[in-house]
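User: Could you walk me through this one? I'd like the terms pinned down as we go.

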Amino acid sequence: MLAKRIIPCLDVKDGRVVKGTNFVNLRDAGAAVELAKRYYEEGADELVFLDITASEEKRKTLLKLIEDVAAVIRIPFTVGGGISELDDIDKLLKSGCDKVSLNTSIVKRPELISEAANRFGSQAIVAAIDIKQVGSTHKIFIKGGKEETDKFGMLWCIECFERGAGEILLTSMDKDGTKDGYDNDFLKELCEKVSIPVIASGGAGTKEHFLQTFRDTNADACLAASLFHYNELGIGELKSYLAENNIEVRI
Amino acid sequence: MIALIDYGAGNTASVANVLKDLNTEYIITNRESEICKSDKIIFPGVGEASFAIRKLNLFNLINLLRIVKKPFLGICLGMQLMCDESDEGNVKCLGIFPSRCKMFEGNDIKVPHMGWNKVEFVKGSKLFDGLASDERFYFAHSYYVPTNEYTIASCNYGIDFATAMEKGNYYGVQFHPEKSGPAGIQIVRNFVEKC
């Protein structure tokens, strides 16, 4: 049986890991490569890097980061942040990452999903989707959560699946940074509507939150950032807890 | 010297990093002459089957890879391309293993098969030295090779499928040893040192 995955997420700015609450108020959590190595040794199943560097040097620093990370870890990792061209994806994958996550660029040009999936395989293309409750529905936000779009949450997730994304990384902006638990209602419905793996993101505060999401929804993986960065919860401790509660994990 | 075949879509960097860990000399290449000079061949695969076969044709490597007598390890798509043919792009492949790759189907499974799954060793192989059956390895694929007479390890995802195969000097693994932590490194080490 496929193990449920635990994925630390590293928001990277100029090679340092930062984390904010509700997408703002960034604080420093250490050098990206060192943290990546620590998580690999602690038993993380996979890592996600979101590059939030906003400069012209961005592409060069990102490629260097991937090479440095690939040199020290032997588990898969995903890289995202401002990726909009097929040739960029090619360079990133060749530098040693396994998947790229696409967010703003696919909202602006949805064809990019199928173009990328056809060239690199669906398994390399992650649709990163940021949702936020607006009135009685969920809307899609882009540009790191700064800009509301006219797309609806569930419909856009289904469109990404239909266009060939290999995985959905779903972040609830309402939950992100609150340590209040994942958005299990949305995740449950999402997993019933798409037949690709789904990664839950936003809201993890305790190990019970991971258990709840794996029990109540068919999500394949849970992602968290600050909880791991500041040693509030160890990955080994979390996985033992999940195993004791009959969740299949890789120990 | 290990020849690491680069046909333009595979992720050679990750396999190269493992070979560096093992202090093994390697060359990343798509040239027949350099592959002929090497002692062993690793064929990592990521991407789409018919694209990969077109590239192998372009580099004039198909015949060489079909008849080569050196130890040869295909990884993921690399293993699938060692079969007769694949449903992915409906393409004729190298024809080493008498099988046709099929896409995962079924209402209860998600495709791609992505993540860490248990691998059962069904026949002894040097590739598995020092490892226990039921170890977890990392998978990321939508197509699979049905179980056949050359299967040395299997895994269940909706159905049992060939997770590793061996035939003479040819070895194939469906999972990514270069992304499967210490157990995966052991597979590469066994190939480099024992096969």
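Analyst: I call a residue buried if 20 or more other C-beta atoms, placed from the backbone, lie within 10 Å of its own (exposed means 12 or fewer, partly exposed in between). This is a predicted model, where local features need pLDDT of at least 70, side-chain atom pairs need 80 or more, and totals for chains, interfaces and linings use all residues. Residues are numbered from 1 along each chain as written, with chains lettered from A and ligands numbered from 1 in written order.

User: Which residues of helix 1 of chain B are buried?

Analyst: They are T12(B), A13(B), S14(B), V15(B), A16(B), V18(B) and L19(B), which makes seven of the 10 residues in this helix, spanning 12-21. Helices (H or I, at least four residues) and strands (E, at least two) are DSSP runs numbered from the N terminus.

User: And what do they pack against?

Analyst: From chain A, helix 2 (58-72) and helix 3 (86-95); from chain B, strands 1 (2-5), 2 (26-29) and 3 (40-45) together with helix 6 (181-194). Just after helix 1 of chain B, N23(B) has a positive phi of about 55 degrees.

User: How many residues does each chain put into the contact?

Analyst: Chain A gives 27 residues and chain B 26, with contact meaning C-beta atoms, placed from the backbone, within 7 Å. On the side of chain A that touches chain B, helix 2, helix 3 and helix 5 (111-120) of chain A each supply at least two residues, and helix 3 of chain A gives the most, with three.

Technical notes
Two residues are in contact if their C-beta atoms, placed from the backbone, lie within 7 Å.
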